[in-house]
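Colleague: Could you take me through one part of this model in detail, namely the packing of a helix pair and the pocket beside which its residues are found? I would like a connected account rather than a list.

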Amino acid sequence: MMAPGVLFFVVWHYFPIWEAKMAFEQVRIIPPNIWVGLKHFQTLFASPVFYNVLANTLVISTMKILFVFPVPILVALLLNEIRSGKLRKFMQSAIYLPHFLSWVVIAGIFIAILSPSDGAVNQVIGFFGVPPTSLMTDGYASRWVLVVSEIWRSAGWDSLLYLAAIIGIDQSLYEAAELDGANRWQKILHVTIPGIVPTIATLFILNMGMFLSADLNQVINFLNDVNRGQIDILDSYVYRLGLRTGEYSLATAAGLFKAVLGMAMIVGAHLVSKRLTGKGVW
């Protein structure tokens, strides 16, 4: 039963670790490759484009951590407070649905809604006398489009883990709090939230491990020639180097840089979490 999962990780995760040596080689059509050491890293760090995409990645990922990560927690808390079973099921189905849509579909929806000519957003603000604006060609506004679309797509689905953690809290704690005179808000503050802190800490650490990813599929579908300077990220940069220009070694060097930095961030987040909450990934 474990074989398909193990095979997936071996092929797509462990085997590429060995091929990461391409970052230190000059790839040739006819093997063997030529060892060049840190040449590709020197080229990478000398490129102003690299620093631009790195800055974009850090900004977008920070925005997502600040504004996207807390939303599923809030959604789970709100869903847990719905007493009607039918209403809860309806709300869960409604907010889980966007997770199953591809970024191609979601990007098409947002681009249509934000159209400066006939988009719903500009029609609403135009009713109040505000001139239409093209948010998809405004680089800085495009970053907020990424954040909002990520919330819409992932908040419901990501809340499942927190909702499961809430359901697992000992009900006697709520009964004790109620006997002490706690109202609903106080029970959330002093029972529910402390009860899901280990889950929050674990997921935060895992999110830090993917901090520099910033979701390639999302960015590619929202990227255009006008907003490229503000939402072009490391993964899209690696995609262009490797698949469009054929600079496999340079693309591998950029990917390896991201992987090492991501590993350092996940270890750092684990140590901080262990110190603050006593919980970590290991």
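Modeller: What follows is a description of one helix pair and then of the largest pocket. The model is a predicted one, and the part to look at begins with helix 13, residues 234-244, and helix 14, residues 248-277, whose axes come within 8 Å and cross at roughly 160°. Since angles over 145 degrees count as roughly antiparallel, that crossing makes helix 13 roughly antiparallel to helix 14, and its hand is left-handed. On the helix 13 side the contact is made by Leu234, Asp235, Val238, Leu241 and Gly242, which meet Tyr248, Leu250, Ala251, Ala254, Gly255 and Lys258 of helix 14. Sorted by class, the residues of this contact comprise seven nonpolar, two polar and two charged.

Both helices also belong to the setting of the largest pocket, which has a volume of about 1,300 Å³. Its lining consists of 31 residues, and those nearest its centre are Trp12, Pro16, Gly255, Lys258 and Ala259; the elements that give two or more residues to this lining are helix 1 (3-19), helix 13 and helix 14. Helix 14 provides the largest share, 11 residues. Gly255 and Lys258 therefore appear twice in this account, as helix 14 residues that meet helix 13 and among the lining residues nearest the centre of the pocket. By class, the lining of the largest pocket divides into 21 nonpolar, seven polar and three charged residues.

How values were computed
Residues are numbered from 1 along each chain as its sequence is written. This is a predicted model: local features need pLDDT of at least 70, side-chain atom pairs count only at pLDDT 80 or more; totals for chains, interfaces and linings use all residues. Side-chain values use heavy atoms; hydrogens and water are left out. Axes are lines fitted to C-alpha atoms, for helices over the stretch in contact, and angles run from 0 to 180 degrees between N-to-C directions. Helices (H or I, at least four residues) and strands (E, at least two) are DSSP runs, numbered from the N terminus. Angles under 35 degrees count as roughly parallel, over 145 as roughly antiparallel, 65 to 115 as roughly perpendicular and the rest as oblique. A crossing is left-handed if the near helix is turned anticlockwise from the far one by less than a right angle, and right-handed if clockwise. Contact means heavy atoms within 4.5 Å. Ala, Val, Leu, Ile, Met, Phe, Trp, Tyr, Cys and Pro count as nonpolar, Asp, Glu, Lys and Arg as charged, and the others, Gly among them, as polar. On a 1 Å grid over the protein atoms alone, a cavity is a set of points where a 1.4 Å probe fits but cannot get out, and a pocket is an open set with protein on both sides within 12 Å along at least five of seven lines; lining residues have an atom within 4 Å of a point. Grid points are joined across faces, edges and corners, and a volume is the space filled by probe spheres set on the points.
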